[in-house]
Amino acid sequence: MPDKIDGLGPQITEALNRVSQSKFQTDSKQDAAPKDGAAGSRISDSVTFTDTARQLNELAAAVEKVPVVDTQRVEQIKQLVDSGQYRVDSERVADRLIALEQMLGDRG
């Protein structure tokens, strides 16, 4: 049974909403002389990113804002360990290790 990853949902949802509402196009203009020697001509280059590229960019930015470590949860566990109240459910750990091994075995 997969665990819910807390802390990512709202930021990713917000990023996806921004991506779907925005238009992202970059225009770049340069002065360049054509091959025939005439000066002062302008060449316009245009780059348009796909929706997928825009989404990936927004998602990457949203994920970068999420802390890697949940310091509040770490402190909570430290207090439980220090007070002797933290208990490891060895059966749950074993079940999850077996599930992980099975998942990794399916990929090979």
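Which helix gives the largest share of the nonpolar patch? Helix α4, residues 90-107, does, with 5 residues. The account below starts with the whole chain and then returns to that patch. Keep in mind that this is a predicted model.

## Overall build

The protein has 108 residues. Its secondary structure comes to 4 helices and 2 strands. Read from the N terminus, the elements follow the order α-β-β-α-α-α.

Buried residues make up 5% of the protein. The exposed area is about 9,700 Å². Carbon and sulfur atoms supply 53% of that area. Contacts also link distant parts of the sequence. Among contacts between residues at least 6 apart in sequence, 47% join residues at least 24 apart.

## Confidence in the model

The mean pLDDT of the protein is 76. A value of 70 or more is reached by 61% of the residues. The elements differ in this respect. Strand β1, residues 25-31, has the lowest mean pLDDT among them, at 40. Helix α3 has the highest, at 94.

Residues 23-33 form a stretch where pLDDT stays under 50. For this stretch the model has 24 contacts beyond four places in sequence. Where pLDDT is low, predicted coordinates should not be read in detail.

## Helix α3 and its end

Helix α3 covers residues 71-83. How many residues does α3 have, and what should they span? The helix has 13 residues, and at 1.5 Å a residue they should span 18 Å. The end C-alpha atoms of α3 are 18 Å apart, so the two values agree. Just after α3 comes Gly84, which takes a positive phi of about 80 degrees.

Helix α3 also holds a salt bridge. The side chains of Glu75 and Lys78 meet there, at 3.7 Å from N to O. Both residues lie in α3, 3 residues apart, or about one turn of the helix. Are these partners buried, exposed or partly exposed? Glu75 has a relative accessible area of 41%, so it counts as partly exposed. Lys78 is partly exposed too, with 44%.

## The salt bridge in helix α2

The count of salt bridges comes to 2. Besides the pair in α3, the side chains of Arg54 and Asp51 meet in a salt bridge, at 1.9 Å from N to O. Helix α2, residues 51-65, holds both Arg54 and Asp51. Arg54 and Asp51 are 3 residues apart, about one turn of the helix.

Is Arg54 buried or exposed? Buried means under 20% relative accessible area. Arg54 has 15% relative accessibility, so it counts as buried.

## The nonpolar patch

Now back to the opening topic. The nonpolar surface patch measures about 710 Å². Val81, Tyr86, Val88, Val93, Leu97, Leu100, Met103 and Leu104 make it up. Helix α4 supplies 5 residues, the largest share.

Val93 is one of the patch residues. Its place is in helix α4. Why does Val93 count as partly exposed? The partly exposed class lies between under 20% and over 50% relative accessible area. Val93 has 42% relative accessibility, so it falls in that class.

Technical notes
Residues are numbered from 1 along each chain as its sequence is written. Side-chain values use heavy atoms; hydrogens and water are left out. A salt bridge is a side-chain nitrogen of Lys or Arg within 4 Å of a carboxyl oxygen of Asp or Glu. Buried means under 20% relative accessible area, exposed over 50%, partly exposed in between (1.4 Å probe, protein chains only). Patches are made of residues with over 30% relative accessible area and no salt bridge: like charges are joined within 9 Å, nonpolar side chains (Val, Leu, Ile, Met, Phe, Trp, Tyr) within 5 Å. Accessible areas come from the Shrake-Rupley method with a 1.4 Å probe; for residues, only the protein chains shown count as cover. pLDDT is the predictor's confidence in each residue, from 0 to 100. Contact means heavy atoms within 4.5 Å. The expected span of a helix is 1.5 Å times one less than its number of residues.
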